[in-house]
2 protein chains.
Amino acid sequence: MTDPRTSIIGERIKNIKKTIAISSGKGGVGKSLIASTLALSLARKGFKVGLFDLDFTSPSTHIILGIEDVHPKEEKGIIPPEVHGIEYMSIVYYSGDLAAPLRGFDVSNALIELLSITRWGKLDYLILDMPPGIGDVTLDLIRLMPNTQFLIVTTPSQLAFETVKKLVSLLKEMKIPVIGIAENMKMDESREIRRETEKLNLKFLTGIPYDSRVEQAMGDAQKLLKTTFAKKVERLASET
Amino acid sequence: MTDPRTSIIGERIKNIKKTIAISSGKGGVGKSLIASTLALSLARKGFKVGLFDLDFTSPSTHIILGIEDVHPKEEKGIIPPEVHGIEYMSIVYYSGDLAAPLRGFDVSNALIELLSITRWGKLDYLILDMPPGIGDVTLDLIRLMPNTQFLIVTTPSQLAFETVKKLVSLLKEMKIPVIGIAENMKMDESREIRRETEKLNLKFLTGIPYDSRVEQAMGDAQKLLKTTFAKKVERLASET
């Protein structure tokens, strides 16, 4: 049986030109930081941008962007608040910021609920911060928003890249478009990940050096935009 | 209805003295590295040790320990192979190393299946490498192996520690014993995480400095044991 809410989702997202899912094989590679900074950068370039935190395992864009006491408005659905020029929604508005373990079924349910009630404006870009790896959210999202393109984040670590390979292999199998791979937290000039990316027939988007100033900018969007990290992510914006 | 396999699980784990789940609020904090190194260290001290990779989102202990072409033996269940003196099992033996997206329900099912078929020997320690955050596996594990103690890994990053707070709050609510918190990838002498840990009334176990040699030791257990990282994890072993 089809969930009746899934039919409304098409209606909700019809004014969104491009949806980009920021994804990774494993956590801790800087996915949420890149998603947040990419959204800020695109908004600063004059695009209409939405940011949707779907990382059910550890939502963190609200911490990165310092979003407190801002809540969506209910009006024939939910209207995302505007934060730093971005239309912002997060799973934390659903689960709260407390311990809220969701079972796989509940995660699917929460995703469908959020997609069907959120009334995005006209957007040039909707940036999605995905959970790491391939789980219910990724599978549901591919089904519910089939036009989504994936931008994959890795680090130079072999462990991270091994998990990326798995993710890429799944996305290819499902014929999901992949924009390319960004290498975050580079400690040196190694071209290994670039080579490995090209072996997968994917575009190597950029290498982003490790930037210790990012930690100090946590919660402060303006400070974040001034980091070297943000300058690199800005260039990523032109690839999307 | 109770799954008939759950009753056999108690039988399967009755010869295990202590089960320690290495857990974290988010991925990429070094959980799998600590789980693998802790298992190696305890085995080297003469304990009987099992290592069970339950990180469905991105299993990686087999990559860390360089385990290839070693497979469990079927004999009235599954007997874990001995690798570097450790009884080793991993979800990859269930899902294979290819793209294998599992739905929440399938994850629960796979966990129950693995716990009910695996025939561990007499063990002093069973070390579990958990998926990041609080999901189906954590909830099921708490139900199926209620004597499990949690050892939580964080990094100095605020983002990582925020997610740890959520995990701790859930574990406390469910009255699950927490051994303490280990801070990995320390870049400086900051005592912030120690202070925050004590605020949660938890034991701060150790601070582990960032060690670039660990990446070079990937896949080589002997080399891994010689790193400064391993020396620190060895001390962690005495806290368990």
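Which residue forms a salt bridge with B:Lys17? The first legend gives the partner.

This is a predicted model, in which local features need pLDDT of at least 70, side-chain atom pairs count only at pLDDT 80 or more, and totals for chains, interfaces and linings use all residues. Residues are numbered from 1 along each chain as its sequence is written, chains are lettered from A and ligands numbered from 1 in the order in which they are written, and side-chain values use heavy atoms, with hydrogens and water left out.

**View 1. B:Lys17 pairs with B:Asp124 in a salt bridge.** The closest N and O atoms are 3.1 Å apart. A salt bridge here is a side-chain nitrogen of Lys or Arg within 4 Å of a carboxyl oxygen of Asp or Glu. B:Lys17 sits in strand E1 (residues 16–24) of chain B and B:Asp124 in strand E7 (residues 123–129) of chain B, so the pair ties together parts that are 107 residues apart in sequence. Helices (H or I, at least four residues) and strands (E, at least two) are DSSP runs, numbered from the N terminus. B:Lys17 is exposed, at 69% relative accessible area. B:Asp124 is buried, at 18%. Buried means under 20% relative accessible area, exposed over 50%, and partly exposed in between (1.4 Å probe, protein chains only).

**View 2. Further salt bridges appear in both chains.** B:Arg143 bridges to B:Asp140, with the closest N and O atoms 3.2 Å apart. Both residues lie in helix H6 of chain B, three residues apart, about one turn of the helix. B:Asp140 is buried, with a relative accessible area of 2%. B:Glu183 and B:Lys186 also meet through their side chains, at 3.1 Å from N to O. B:Glu183 counts as buried at 1% relative accessibility. B:Lys186 is buried too, at 14%. In chain A, salt bridges link A:Lys31, A:Asp55 and A:Asp129 in a network. Over all chains the count comes to 24 salt bridges.

**View 3. Chain B meets chain A through 37 residues from each chain.** Contact means heavy atoms within 4.5 Å. The two chains bury about 3,100 Å² between them, 59% of it on carbon and sulfur atoms. Buried area is the accessible area (1.4 Å probe) that two parts lose on being put together, summed over both. The count of salt bridges between the chains is zero. Four residue pairs are in polar contact across the interface, both residues at pLDDT 80 or more. A polar contact is a pair of N or O atoms within 3.5 Å; within protein, one must be able to donate a hydrogen and the other to accept it, and residues adjacent in sequence count only if both atoms are side-chain atoms. On the side of chain B that touches chain A, the elements giving two or more residues are helix H3 (61–64), H5, helix H6 (136–144) and helix H7 (158–173) of chain B. H7(B) gives the most, with seven residues.

**View 4. A rotation of 180° superposes chain B on chain A.** The shift along the axis is 0.0 Å, and the RMSD is 0.0 Å. The two copies are thus related as by a two-fold rotation axis. The same surface serves both copies: 100% of the contact residues of chain B recur in chain A. Copies are superposed by least squares on the C-alpha atoms of residues with pLDDT of at least 70 in both.

**View 5. Helix H5 of chain B spans residues 104–117.** Its 14 residues reach 20 Å from first C-alpha to last, close to the 20 Å expected at 1.5 Å a residue. The expected span is 1.5 Å times one less than the number of residues. Buried residues of H5(B) include B:Val107, B:Leu111 and B:Ser116. B:Ser116 has a relative accessible area of 4%. B:Ser116 touches B:Arg5, B:Ile8, B:Ile9 and B:Arg12, not counting residues up to four places away in sequence.

**View 6. B:His84 and B:Lys175 have positive phi although neither is a glycine.** Most residues other than glycine have a negative phi. B:His84 has a phi of about 50°. B:His84 lies in the loop between strand E5 (82–83) and strand E6 (86–90) of chain B. B:His84 is partly exposed, at 38% relative accessible area. B:Lys175 has a phi of about 55°. B:Lys175 is found in the loop between H7 and E9 of chain B, and is exposed at 72%.
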